[in-house]
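Subject: Structure for you to look at, with notes

Dear colleague,

I am passing on the structure we spoke of, together with some notes on what was found in it. Please open it first and keep it beside the text as you read.

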Amino acid sequence: MFALTILEDIEVELSIVLGSAQVQIRQILQMSRGAMIPLDCGQDDPTLVFVNDELIAQGRILVDGDAMSLEVTDVVKKRRS
């Protein structure tokens, strides 16, 4: 268990990317609560998982009532330099 306690205080940045959109600041400032922004992906397109800006996995978003979760469907193999 000693090895795991060493890792407990290490911070990583985790990003889950559903899609992207290009929106002008003017449009963002005019949006009201609940406004929808169309993304450049479809419902069945994979969700990308990045750790420290490196793609590590793909998955899909699951919704159960008010709860959302990510199901990892594929782990990306690291390319060797």
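Asp53 is a good place to begin: this residue is found in the loop between strand 2 and strand 3, and its phi is near 65°, a positive value in a residue other than glycine. Please keep in mind throughout that this is a predicted model. The side chain and backbone of Asp53 taken together give a relative accessible area of 67%, so the residue is classed as exposed.

Asn52 has its place in that loop between strand 2 and strand 3 as well, and its phi, near 50°, is again positive in a residue that is not glycine. With a relative accessible area of 47%, Asn52 is classed as partly exposed. As background to these two values, most residues other than glycine have a negative phi.

The sheet

The loop belongs to an open sheet of four strands, which follow one another in the order 1-2-3-4 with antiparallel pairing. Strand 1 (14-17) and strand 4 (67-75) stand at the edges and have a single partner strand each, so one side of each is left without a neighbour in the sheet. On average, and with direction ignored, neighbouring strands of this sheet are turned by 35° against each other.

Strand 2 (residues 47-51) is joined to strand 3 by five bridges, and the two run antiparallel. Within this pairing, Thr47 stands opposite Gly59 of strand 3. The two strands form a hairpin with two residues between them, and Asn52, with its positive phi of about 50°, lies in the turn.

Strand 3 (residues 54-64) in turn pairs with strand 4 in the antiparallel sense, here over eight bridges. If you wish to trace the register, Asp64 stands opposite Ala67 of strand 4, Gly59 stands opposite Val72, and Gln58 has Asp74 as its bridge partner. Strand 3 and strand 4 also form a hairpin with two residues between them, and in this turn Gly65 has a positive phi of about 65°. Gly59 therefore appears in both pairings, facing Thr47 of strand 2 and Val72 of strand 4.

The salt bridge

Which residue forms a salt bridge with Arg60? The partner is Glu71, and the closest N and O atoms of the pair are 2.6 Å apart. The pair links distant parts of the chain, with Glu71 in strand 4 and Arg60 in strand 3, 11 residues apart. In general, side chains of opposite charge can pair when their charged atoms come close. Both partners are classed as partly exposed, Glu71 having a relative accessible area of 31% and Arg60 one of 46%. The count of salt bridges in the model comes to one.

The largest pocket

Arg60 also takes part in the lining of the largest pocket, which further includes Leu18, Leu39, Cys41, Gly42, Gln43, Asp44, Asp45, Pro46, Thr47 and Ile61. About 220 Å³ of space lies in this pocket, and its lining residues divide into five nonpolar, three polar and three charged. Thr47, which is also listed in the lining, is the residue that stands opposite Gly59 in strand 3, while Arg60 is the one that forms the salt bridge with Glu71.

With best wishes

Definitions and conventions. Residues numbered from 1 in each chain as written. Predicted model: local features only at pLDDT ≥ 70, side-chain atom pairs only at ≥ 80, totals over all residues. Heavy atoms only, no water. 1 Å grid on protein atoms, 1.4 Å probe; cavity = no way out; pocket = protein on both sides within 12 Å on 5 of 7 lines; lining within 4 Å. Points joined across faces, edges and corners; volume = space filled by probe spheres on them. Nonpolar A, V, L, I, M, F, W, Y, C, P; charged D, E, K, R; others polar. Pairing = 2+ DSSP bridges. Axes fitted to C-alpha atoms, helices over the stretch in contact; angles between N-to-C directions. Salt bridge = Lys/Arg side-chain N within 4 Å of Asp/Glu carboxyl O. Buried < 20%, exposed > 50% of the residue type's maximum accessible area, 1.4 Å probe, protein only.
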